[in-house]
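User: Please take a close look at the salt bridges of this structure. I am new to it and would welcome one connected account.

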Amino acid sequence: MNEIGKKIKELRKKKGLSQEELAESAKVNLRTIQRIENNESEPRGKTLNLICDVLDINAEDILDYGKKTDQSYLAIFHLSVIIFLVIPVGNIILPLILWMTKKDKIIGLKEIGVNLLNFQIIWSVFAFLSITAYGFFKIMHYGKHDFLFYLFIGLYLLNIILPIVFALRTKKEEPKAMYPNLIRIIK
């Protein structure tokens, strides 16, 4: 309970709002805001949602039931993608297992996992299509097809460099989704 009031107070101050402004914007009584921030009461249901809407956050993020921050796990999660070098489609399977087991226990993992898995699925499709098309054109002796091989190599390098960069950034920054979000397959 203590954490909720503290978090709401911090978020309100970051937004530059006074207690009165928050109460007015959220259509909540000023005394209710004061009680919540002084940890005299805990916001529930509609009150919590109204306050969270004004502060532009999810109620789930403020509550964090049993969740903890674990930058190391998030960095390992990003790096788990590199297993594709050894196991085909390992870039999807291992992160999926890691995500499914801890998504409700680590702050930020749910969103990061969705973002990473969507990118890896799309990446796998493009990598497969580029190497398959390259092989087909080579076997059939069609004209210029080297660009498909270079595309394939570029995709491989991209999928080695991005996880390393994002793992390093995760250790230093607030956890957030970093991969380009082309198509949302997992929501």
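Analyst: Lys15 counts as partly exposed, because its relative accessibility is 39%. In this predicted model, the partner of Lys15 is Asp56, and the closest N and O atoms of this salt bridge are 2.7 Å apart. The pair links distant parts of the chain: Asp56 lies in the loop between α4 (45-55) and α5 (59-63), whereas Lys15 lies in the loop between α1 and α2 (19-26), 41 residues apart. Asp56 has a relative accessibility of 57% and therefore counts as exposed, since the exposed class begins over 50%.

A second salt bridge involves helix α1 itself. Arg12 pairs with Glu37, with 2.6 Å between the closest N and O atoms. Here too distant parts of the chain are linked, as Arg12 belongs to helix α1 (residues 2-14) and Glu37 to helix α3 (residues 30-37), 25 residues apart. Both Arg12 and Glu37 are buried, a term that stands for under 20% relative accessible area.

Another salt bridge joins the side chains of Arg31 and Glu40, at 3.3 Å from N to O. Arg31 has a relative accessible area of 34% and is therefore partly exposed. Glu40 is likewise partly exposed, because its relative accessible area is 48%. Elsewhere, Arg169, Glu173 and Lys176 are joined into one network by salt bridges that share partners. The count of salt bridges comes to five. As a general matter, side chains of opposite charge can pair when their charged atoms come close.

The second largest pocket offers a contrast in its lining. The residues of that lining include no charged ones; they divide into eleven nonpolar and two polar. The pocket has a volume of about 190 Å³. It is lined by 13 residues, and those nearest its centre are Pro88, Val89, Trp123, Ala127 and Tyr156. Two helices, α8 (109-139) and α9 (146-172), each supply at least two residues of this lining. Of the elements involved, α8 gives the most, with five residues.

The length of α8 can also be checked. Helix α8 has 31 residues, so at 1.5 Å a residue it should span 45 Å; the end C-alpha atoms are 44 Å apart, which agrees. After α8 comes His141, which has a positive phi, near 60 degrees.

Methods:
Residues are numbered from 1 along each chain as its sequence is written. This is a predicted model: local features need pLDDT of at least 70, side-chain atom pairs count only at pLDDT 80 or more; totals for chains, interfaces and linings use all residues. Side-chain values use heavy atoms; hydrogens and water are left out. On a 1 Å grid over the protein atoms alone, a cavity is a set of points where a 1.4 Å probe fits but cannot get out, and a pocket is an open set with protein on both sides within 12 Å along at least five of seven lines; lining residues have an atom within 4 Å of a point. Grid points are joined across faces, edges and corners, and a volume is the space filled by probe spheres set on the points. Helices (H or I, at least four residues) and strands (E, at least two) are DSSP runs, numbered from the N terminus. Ala, Val, Leu, Ile, Met, Phe, Trp, Tyr, Cys and Pro count as nonpolar, Asp, Glu, Lys and Arg as charged, and the others, Gly among them, as polar. The expected span of a helix is 1.5 Å times one less than its number of residues. A salt bridge is a side-chain nitrogen of Lys or Arg within 4 Å of a carboxyl oxygen of Asp or Glu. Buried means under 20% relative accessible area, exposed over 50%, partly exposed in between (1.4 Å probe, protein chains only).
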